[in-house]
Amino acid sequence: MTDPITQLKTGDLALIGLSSDVNASFMQGPAGAPPAIRAALYSGACNLTTESGLDLEEHPALVDLGDREVPSDAGAVPYIEKLVAAVLARGARPLILGGDHSVTYPVLRAMAAQHGPVDILHLDAHPDLYDAYEGNRLSHASPMARIMEEGLARRLVQVGIRTLNAHQQRQADRFGVEIHPMHRFDARSFVPDLAGPVYLSFDLDALDPSAAPGVSHHEPGGLTVREALGILQRIEAPLVGADIVEYNPRQDLNAMTAMVAAKLLKEIAGKLLASGEN
Ligand SMILES: [Mn+2]
């Protein structure tokens with residue numbers, strides 16, 4: 001069978017599930033996320049129209065590349081990087097369904113190779129700036145450290161953060177990370193002032209666990225779904241790629257977090273498709 005990547009056209013949006021959680025630290029589960037998010041999206045409980053009125057059902061530019069089995073060893077980084085590079089080489093934009101957050105580092109290696117350093121908008125309870133976590137430099141607690149060390153981002157803007165410790169504060173200072181800590185963040189009025197190209201990385205634990213219990217690390221005091229959607233909808237710069245990571249179906253209740261992820265997927269897909277028209 002022909003690899004559907006070779007059929008991608010300029011401006012297409014490529015939906016890719018990455019089944020990987022070998023770099024999670026506390027519990028496994030995110031490897032099962034992509035099919036669970038797809039099941040929610042296509043469950044019939046919702047339609048496929050974004051809030052701005054874009055219908056994603058049979059949208060000609062939305063190409064679903066399915067779920068890919070990521071190697072569970074050191075081969076994961078080159079595997080993901082090569083996959084995303086192939087999508088970008090076709091002029092398409094990737095929308096990644098993780099997987100744990102470690103997948104973002106190889107995705108950004110491919111993004112920077114194509115576009116140069118990008119502006120990252122990162123929604124998360126955690127800054128993910130550990131130099132290493134439990135001895136693992138590829139940990140899901142470390143992708144932003146690897147990305148900044150390698151100069152893959154021009155700016156890293158973080159919102160939703162409510163777990164900043166001294167080590168990660170030092171790392172943030174070292175890399176010039178722009179952190180908007182949750183305790184003094186006005187999510188209702190925040191406008192991401194990014195020039196772009198913008199890469200969006202959305203860890204579902206940015207949301208309050210009352211809205212998104214299906215994550216491995218419950219961190220109370222997070223964003224509402226409405227606040228997160230508002231932030232996404234106020235991005236004005238062109239979006240060149242995005243990920244939705246850290247959904248853990250084993251922790252979910254009645255698949256409610258899967259539906260939150262599906263909702264975010266729709267709105268982010270709408271933004272990516274609108275950017276592709278530029
Ligand atoms: Mn997180």
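**Overall architecture, nonpolar core and helices α2 and α3**

The secondary structure of the chain comprises seven helices and eight strands. With a radius of gyration of 17 Å, close to the 19 Å given by the globule rule for 278 residues, the chain is as compact as a globular protein of that length. The structure is a predicted model. Along the principal axes, its C-alpha atoms fill a box of roughly 50 × 35 × 35 Å. Of the 278 residues in the chain, 49% are buried. Among contacts with a separation of 6 or more, 78% join residues that lie 24 or more positions apart.

In soluble globular proteins, nonpolar side chains tend to be buried together. In the present model, the largest nonpolar core contains 81 residues, of which I37 and A261 touch the most other members. Helix α7, spanning residues 256–276, gives the most to this core, with 11 residues. When neighbours within four places in sequence are left aside, A261 is in contact with I37, A40, L204, I244 and Y247. The pair I37 and A261, which touch the most other core members, are thus themselves in contact.

Helix α2 covers residues 76–89. At 1.5 Å a residue, its 14 residues should span 20 Å, and the end C-alpha atoms are 20 Å apart, in agreement with that value. The buried residues of α2 include A76, I80, L83, V84, V87 and L88. These cover an arc of only 135° around the axis, and therefore lie on the same side of α2. On the other side of the helix, P78 and K82 are exposed. The elements covering the buried residues of α2 include the strands β1 (13–19), β2 (62–69) and β3 (93–97), together with helix α3 (104–115). After α2 comes G91, which has a positive phi, near 80°.

Helix α3, one of the elements that cover the buried residues of α2, has 12 residues. From the first C-alpha of α3 to the last, the distance is 16 Å, close to the 16 Å expected at 1.5 Å a residue. The buried residues of α3 are T104, Y105, P106, V107, L108, R109, A110 and M111. Just after α3, G116 adopts a positive phi of about 80°. A glycine with positive phi thus follows α2, in the form of G91, and another follows α3, in the form of G116.

Conventions
Residues are numbered from 1 along each chain as its sequence is written. This is a predicted model: local features need pLDDT of at least 70, side-chain atom pairs count only at pLDDT 80 or more; totals for chains, interfaces and linings use all residues. A nonpolar core is a set of buried Ala, Val, Leu, Ile, Met, Phe, Trp, Tyr and Cys residues joined through C-beta atoms within 7 Å. A residue is buried if 20 or more other C-beta atoms lie within 10 Å of its own, exposed if 12 or fewer, and partly exposed in between; C-beta atoms are placed from the backbone. Helices (H or I, at least four residues) and strands (E, at least two) are DSSP runs, numbered from the N terminus. Two residues are in contact if their C-beta atoms, placed from the backbone, lie within 7 Å. The expected span of a helix is 1.5 Å times one less than its number of residues. The arc is that of the directions from the helix axis to the C-beta atoms. The radius of gyration is taken over C-alpha atoms; the globule rule is 2.2 Å times the number of residues to the power 0.38.
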